Amino acid sequence: MGRYVIRRLLQMVPVFIGTTFLIFVMVYALGDPVAAMFGDRAPDPATAAQIRHDLYLDHPLPLQYLHYMGQIFTGNFGKAATGQPVTELMGTAFPVTLRLTIVAFAIEAIAGIGLGLLAGLRRGRFADSGVLAFTLLVVAIPTFVTGYLLQYFVGVKWGLANPAVADGAPFSDLILPGVVLAGVSLAYVARLTRTSVAENSRADYLRTAVAKGLPRRRVVTVHLLRNSLIPVVTFLGTDIGGLMAGAVVTERIFNIHGVGYQLYQGILRQNPPTVVGFVTILVLIFLAANLLVDLLYAVLDPRIRYA
Amino acid sequence: MPDMTDSQSLVDAVPTTAAGPVDPSQQREKARSLWSDAWHDLSRKPLFYISALVIVFLVVIAIWPSLIASGDPLACDLSKSQMGPTSGHPFGFDTQGCDVYTRVVYGARASVSVGMFSTLGVTVLGSLLGGLAGYFGGWWDAILSRISDIFFGIPILLGGVVFLSVIKGGSVTTVSLFMILLGWPQIARIARGAVITAKQQDYVQAARALGAGHTRLMLRHIAPNALAPVIVVATIALGTYISLEATLSYLGVGLKPPAVSWGIDISAASEQINNAPHMLLWPAGALSVTVLAFILLGDAVRDALDPKLR
Amino acid sequence: MRGAKSAKWVVGAAVVALAATACGGGGSDTKAGGSNDGVVRAWWGDPQNPLEPANTNEVQGGKVMDMIFMDLKEYDPTTGKANLAAAQSITTNDQQNFTITLKPGLKFSDGTPVTSSSFVDAWNYGALVTNKQLNSYFFADIDGYDAVHPEAANAAPTAKTMSGLKVVNDTTFTVKLKQKFSTWPDRLGYKAFAPLPKSFFTDHAGYLNKPVGDGPYEVVSYTKGSSMKLVPNPYYTGASKPKNKGVLLKVYTDSATAYADLQAGNLDVLDDIPAEDLTHVKSDMSGRYLNQPAGIIQTISFPLNQKSWNAPGMDKVRLGLSMAIDRKTITQKIFQGTRTPATDLTSPVLGASGGYDPTMAGDATTYNPTKARQLIQQGGGIPGGHMTIGYNADSGSHKQWVDAVCNSINQVLGNNKACVGAPTGTFADFRNQITKGQMTQPFRSGWQMDYPLIDDFLTPLYATSGSSNDSHYSNPQFDKLINEANAAPNPAQATSLYQQAEKLLFKDMPVIPLWYQNGEAAWSSRVSNVTENAFSYPVYTDITVNNS
């Protein structure tokens, strides 16, 4: 167990290097960010050269990467286009996005598993088709549409919530964007749970549990659900990172100054420090989430052991 | 042990038990292979036929859109901008004054092909790599899982803007390739998880003890049991790929004009939702029907493949 | 089960840790700066560059510069005329040597005096190449600029200050230009020419966190990326004293969100109305909406450095394409009347005396399918049989109008694939292709004026060495007229010479004029007296807050 965790932690090192390099190359491939700083005007060559020099852009790519990595290890993530240190941006963006992710994740997990369980246990009945219709709706309508609709009706028309998230992103303001963000994933979770529950509800051990005379509640939660959760947990685990990075649209609609927003700004302005810095942290979160998922397998299914 | 006594289709995607209980006499027929079993099972499900019909229809329309639409999707008259339905134009007009009906029909080609190619590619690549990782474990697993971590780490936005602008793409092929490139880790993770579970099952252990080789174990024993979650995710993913194509077009790196696709129209319509909801309704409706058809088909196929449910 | 148990612990601990960090990150925080009674809450976009006068070249940073700085001259919000502000007088005898005298007793919001060295030091800072100021070319007319800002990349400057600037005493300084330039003093309302306090040079990082100026407002708090609070500057003695108790600028991620917040009553002034809301903004806001001309013109540029678009006869094709665009319908249907079809290459905000001439284009910008078709045929047709119009997809919803323009051209030519839009993912990529001269097909271009003078709409864009000559247009006759205009003894003669130069552009058609962009704003019932100036900035000082 302990060795397994250590091995996984060690594996993170090459992934970390691989990802940062890949992202670095990608941002580099986007082209020279200096031209855009001058707006609709052609850059003055002398000023542009000076800016390139200061951003270390006048060196070959591998050197730029080494320089950047060297800086990172001293805690310097470089500066955004506005001259603000990237670490400062991270300090404000990550807590906000983390809160949004927690809200969305809770909604997705609770509602998704709940709906899936309902549909799986009541296969072929009204509840089941209701869940299907709902998940279909969520998948087929793009996030920006649900986002704008909810914002307009709940926020503007009925005035039930703030249409835009206030400074500091209080949890009460995050429920609406959380619902929007959780939408598509919720559909996945519900369908996965339903399938899994349907399959396992005919398993021998469940039959045994029922035959033993265990109360239905215990049968469903301990025996059925626990064994049905593996694919769901896999999905949820990989989705944490997706929620954090994939909130670009939701964050934009609801005025959340989080990771997705900063990342998008970084991409638009082709600012390597912002993009690479944020993605690096995101990758670390992915890795941690994946490790957690693999450990959870062992919790959910005692037959799986890691050595 | 797989439970062979139950004959009812358990995982029907829709409420009706229209499939009805399978005649017990069927069980006594001579042993069939997994696939012919599956086909036998499928052939008696109305839902399978309905969804298959819808998909065949979509494919036909994608190949010959002029069968049901006589107009030109690029013939647009700005003076008719956002007008509602009129005779000959049952779905009304979009912002540019193009006929929405014609565009929905012509949009099927790009959208359905992007959806199908991407899903197919992602499923094959993802379940192959994920399955191998889950089955062999050890170094295989470590390397493949870490590679998929790296791909997970790349934000779709960044990947899309960079990949598609660097290769100057904009065709169905390049967009699908991009989606496969960034989409496979999702299926791979799911497949890996499913294979890890299936691998531990008694019947697999039994088969192994009986001397079954890797290929036989994987194909005959593990794959059918691990396929269910993969199919579920893949069929939903098909819909998200079609919408993702919309987002990519919206960002200016997806299908390039004069391509016509539901995605392009949905992203254009979504901004106008307060002004002209009909612009959104029809392409989004077509997308929903397509996704529904594939989800139903996926459910039916999965049930048919699952020996436990027979 | 041992393994499973310890795994449980690890998972549990991780969850706890996650939850803990989540709680640590939040907490309700109230904004610094105290109560917001009588304060205007206005929409803001994140400025793209550090807030220094000579480094701010876009609207959002420009708004702040406008609020916290008073220049030697200021542009009248309604007429656009340059009036003396911080300057008592600007005099010259030869259009080349200027003597500038400041009003006495001017102070920055930190209480330090505004002297002639505040200006001279600021301008020298802005011009010096190692300071990487994006607007440094604004000082290029001053004698000695080449020494502090050599043209070649990577050349080191040979001086730190410009020889053309001389401090005479605390309130007087002189400026020597490289050559005669009669309208130069009217440029001095541009914020790149703002004075800077001592603290800018002694504590630069501190200054960027809380800029200090001599204008009507002072910054009390600035949270980068989210908000800035400004209150009236107690030391300000200029003409535009604020009529409110301050302004809170709120950064929004998207203007559609800001519009929702405006409707919900959480925002007072929004000057970027989402295109899709234009149809109903008047009824939503019960008429609290303005839509007026601003100094912005949109064009389509041809890549004249490409042989295909510059061959003999192509001028006819370019003119024909211009006449194939139904500007009236497009401005109505796509822009809901927030653009006005262009009939020259300047802007209505200049006024007739400033050089705006609605008859300049003649029929070159009038929709005329028959004549357009004829001209394109006579000129040899579109090169290669089909064309694209390049645009960047990341901002400004250009797709809609580009598609509409192409459809209009296609209808005229009777070929639905003759013209299609060609999106590029990011503005940076798009600009790189343009500045490197890699564009092979026409592309969208736009110009927002720096100061309300006709010269600003012509010289940088169409002079052979113009800083933004994206179409690579070059006409010796045009260059000659511009030089003559710059040296003209008085502004009226200069304007007339500029107009003669402009006339040439309608013969050569290096660009297709499309439309003038309007400034818009909508506001809540909490505020009144919302107006905009020619730069499409709200005039914040005039806004009053009701019931406070």
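## Membrane-annotated segments of chain B

Over residues 173-191 of chain B, the chain is 100% helix and 0% strand, with the end C-alpha atoms 25 Å apart. The model described here is predicted. A second segment, residues 116-138 of chain B, is 96% helix and 0% strand, and 33 Å separates its end C-alpha atoms.

Both segments appear in the UniProt record, an unreviewed entry, under "transmembrane region". The record lists residues 47-68, 116-138, 150-167, 173-191, 226-244 and 280-301 of chain B under that heading.

## Overall build of chain B

Chain B contains ten helices and zero strands. Read from the N terminus, the order of its elements is α-α-α-α-α-α-α-α-α-α.

Chain B has 310 residues, of which 56% count as buried. When contacts in chain B between residues at least 6 apart in sequence are considered, 70% of them join residues at least 24 apart.

## Contact between chains B and C

Where chain B meets chain C, 20 residues of chain B and 23 residues of chain C take part in the contact. On the side of chain B that touches chain C, nine residues are nonpolar, nine are polar and two are charged.

## Domains of chain C

The domain assignment divides chain C into three parts, two of which are assembled from separate stretches of sequence. Domain 1 comprises 13-66 + 208-288 + 524-545, domain 2 comprises 73-105 + 115-194, and domain 3 covers 293-518.

Between the C-alpha centres of domain 2 of chain C and domain 3 of chain C the distance is 31 Å. Their contact draws 14 residues from domain 2 of chain C and 17 residues from domain 3 of chain C. The side of domain 2 of chain C that touches domain 3 of chain C is made up of seven polar, four nonpolar and three charged residues.

## A hairpin in chain C

Strand β4 of chain C (residues 87-92) and strand β5 of chain C (residues 97-102) run antiparallel and are joined by five bridges. Within this pairing, Thr91(C) has Thr99(C) in β5(C) as its bridge partner. In a regular strand, side chains alternate between the two faces of the sheet.

Four residues lie between the strands in the hairpin of β4(C) and β5(C). In this hairpin, Gln95(C) adopts a positive phi near 60°.

Note on methods. Residues numbered from 1 in each chain as written. Chains lettered and ligands numbered in written order. Predicted model: local features only at pLDDT ≥ 70, side-chain atom pairs only at ≥ 80, totals over all residues. Helix = DSSP H or I, 4+ residues; strand = E, 2+ residues; numbered from the N terminus. Buried ≥ 20, exposed ≤ 12 C-beta atoms within 10 Å, placed from the backbone. Contact = placed C-beta atoms within 7 Å. UniProt positions renumbered as here; feature names shortened; annotations may be inferred. Nonpolar A, V, L, I, M, F, W, Y, C, P; charged D, E, K, R; others polar. Domains from an automatic or database assignment. Pairing = 2+ DSSP bridges.
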